[in-house]
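Keep the viewer open and the selection box ready. This tour moves stop by stop.

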Amino acid sequence: MIKRIKHQIITYLSVGCITLLFISCGKDKNSNKDHLVFRYNEFANINTLDPAFSRTLQDNSVCNQLFNGLVQLDEELNILPCIAKNWTISEDGRKYTFSLRNDVYFHKHHLFGKDSTRAVVAKDFAYSLNRLRDEKVAASGSWVLNKVDDFRAINDTLFEITLTQPFPAFIGLLTMKYCSVVPEEVVAHYGNEFRSHPIGTGPFKFKRWEENIKLVFRRNENYFEKDDQGNSLPYLEAIALTFLPDKQSEFLQFAQGNIDYLSGLDASYKDELLTADGRLRASYAESITMNRGPYLNSEYLGFYLDSETPEIQSKLIRKAINYGFDRKKMMIYLRNGIGNPANGGFIPIGLPGHSKSIGFTYQPKKAKQLIEQFKKESGIANPQITLVTSSNYLSFCEFIQRELQKSGLKINVDVMPEATLRSSRSSGKVDMFRSSWVADYLDAENYLSIFYSKNFTPDGSNYFHFKNDMVDSLYNKAFTISDIEKRKHLYTKIDSIAMEHAIMVPLFYDEVVRFTRKNVKGLGINPINLLDLRYVKKDKNFPN
């Protein structure tokens with residue numbers, strides 16, 4: 001089967017694009033293996049197949065097919081067993097003891113010897129977590145172990161983790177791909193090249209990666225999970241990714257039936273697919289399925305508070321921007337109603353701590369008054385500010401630019417490639433920037449860490465360089481409280497302080513939007529937009 005699929009993969013160039021096709025060897029389209037192959041494009045590309053460095057949504061989605069950890073999330077973000085069958089937590093909240101399955105095997109590799117594989121045991125988790133926090137490895141995910149004191153393999157099937165202090169969100173951190181189990185002998189053999197020679201335990205195994213061109217995974221025939229009827233997972237035979245670098249080309253491939261899945265909206269095709277109120281157009285209803293749901297993603301504009309620019313230093317200007325544009329109107333015209341206006345704080349809808357009452361509403365008169373007050377107090381007759389964005393969000397920034405101009409503030413919009421913007425944001429080279437924050441784990445602390453003064457960039461995620469003693473005190477206090485009802489009040493308070501200082505401009509709370517061909521079944525949807533292909537099937541009798 002491996003050789004057959006390999007010969008069915010053809011790379012071709014068309015209008016400057018590279019696409020994977022699975023070509024039928026038979027006379028009939030339905031006689032080939034196309035219905036066993038899930039095809040999609042990742043326009044943002046991927047950086048690695050090593051889970052310890054998997055820090056983007058794109059990296060997480062591919063690593064999710066290759067690796068497993070102790071625990072995992074379901075579609076409602078409940079924490080479920082994975083390689084750990086069950087676990088206990090000590091009364092003081094510091095010690096976690098995991099009981100492991102004994103039927104989980106690594107993907108086959110010659111380094112495992114005669115059987116080409118071996119069972120996962122507790123010492124593999126000890127190795128994987130030690131590697132994660134090894135300063136020489138410098139893994140992107142080392143921070144998830146910041147509150148871990150020690151861990152050990154008690155025996156082959158018992159693994160224990162001890163924290164420095166109680167941290168109720170810790171079990172959620174363990175669902176992240178950073179905490180996946182990897183085999184020491186394979187990592188030691190490949191070193192840094194493990195990123196392109198991954199061996200895990202996941203539902204699919206690595207086959208081939210030509211960076212920037214294509215990536216192929218094959219079904220792991222020894223995968224340990226089964227469906228409710230006892231059938232082996234996954235159902236698919238293979239996954240094929242391409243890396244067309246723009247969303248418009250991606251959409252064209254999807255519309256032509258060359259890929260099975262399209263994630264998110266883009267200005268280049270949103271009006272082609274959707275009506276003004278966010279419904280799928282009738283012309284696509286017979287061939288495409290649309291799913292949408294809550295997304296733990298807050299889109300925002302941020303201010304670098306260490307800037308020497310007077311307008312950036314002024315709370316008057318920062319608040320004026322927050323009051324000066326209509327978020328609801330923005331969502332209707334620029335997103336076809338997909339997503340929710342961020343009139344609350346930074347914590348998105350769906351997480352404890354979110355509050356509708358702590359943000360900003362549309363008040364153009366107030367925005368104008370604040371700008372006039374700034375002019376009077378500063379002596380700057382024509383205030384202006386530079387906002388930096390990537391091209392995907394240019395329309396949002398131009399909308400805000402036009403609205404604030406009516407109130408007397410000039411906003412210059414500069415466009416940078418996403419990677420350049422990310423670097424400039426971290427190094428404090430931009431005064432005002434567009435960004436987003438997707439939940440890493442299921443606790444609002446994840447969002448509020450961005451306000452903590454010890455997390456200043458470039459080492460942390462406090463891009464604003466915001467320092468507030470009350471925020472720091474409440475943030476630290478939250479770790480000592482296990483009751484979520486009590487903890488969420490602290491979260492709301494922290495968020496409200498950040499809003500009072502107007503260190504950011506919340507734009508909208510996003511929604512997950514997924515489009516699939518009608519023959520794709522079982523994909524599902526989840527609030528962190530993580531791709532899970534274990535249960536996906538393609539109907540071979542349905543026209544593509």
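The stops below cover strands, aromatic rings, charges over rings and cysteines. Bear in mind throughout that this is a predicted model.

**Stop 1: strand 11**

Select residues 214-219, which make up strand 11. Five of these six residues are buried, so the strand is largely enclosed by the rest of the structure.

Now add residues 204-210, strand 10. How many bridges join strand 10 to strand 11? There are six, and the two strands run antiparallel. For one bridge, pick Phe204; its partner in strand 11 is Arg219. Then look at the turn. The two strands form a hairpin with three residues between them. Click Asn212 in that turn: its phi is positive, about 70°.

Next, add strand 12, residues 238-242. Five bridges join strand 11 to strand 12, again in an antiparallel arrangement. Val216 is bridged to Ala240 in strand 12.

**Stop 2: ring pairs**

Clear the selection and show the aromatic side chains. The whole structure holds 28 aromatic pairs. Start with Phe151 and Phe159, a tilted pair with 6.2 Å from centre to centre and 45° between the planes. Both Phe151 and Phe159 are buried.

Move to Tyr323 and Phe360. Is this pair stacked or edge-to-face? The planes stand at 80°, so the pair is edge-to-face, with the ring centres 5.0 Å apart. Trace the chain between them: this pair links distant parts, 37 residues apart. Tyr323 belongs to helix 9 (residues 315-323). Phe360 sits in the loop between strand 15 (340-341) and helix 11 (364-378). Tyr323 and Phe360 are both buried.

**Stop 3: a ring cluster and two charges**

Select Tyr300, Phe346, Phe433, Tyr447, Phe451, Tyr463 and Phe464 together. Ring pairs link these residues into a cluster. Stay on Tyr463 and bring up Arg425. Arg425 lies over the face of Tyr463, at 4.9 Å from the ring centre.

Then jump to Tyr235. Which residue lies over the face of this ring? Lys537 does, at 4.5 Å from the ring centre.

**Stop 4: cysteines**

Finish with the sulfurs. A search of the whole structure turns up zero disulfides. Select Cys63 and Cys179. Cys63 is in no disulfide, and the sulfur of Cys179, the nearest cysteine sulfur, is 13 Å away. Cys63 counts as buried because its relative accessibility is 0%. Last, select Cys397. Cys397 is buried too, with a relative accessible area of 0%.

Note on methods: Residues are numbered from 1 along each chain as its sequence is written. Side-chain values use heavy atoms; hydrogens and water are left out. A disulfide is a pair of cysteine sulfur atoms within 2.5 Å. Buried means under 20% relative accessible area, exposed over 50%, partly exposed in between (1.4 Å probe, protein chains only). Rings of Phe, Tyr and Trp (its six-membered ring) pair if their centres lie within 6.5 Å; planes under 30 degrees apart count as stacked, over 60 as edge-to-face and the rest as tilted. Helices (H or I, at least four residues) and strands (E, at least two) are DSSP runs, numbered from the N terminus. A charge sits over a ring if NZ of Lys or CZ of Arg is within 6 Å of the ring centre and within 35 degrees of the ring normal. Two strands pair if DSSP finds at least two bridges between them.
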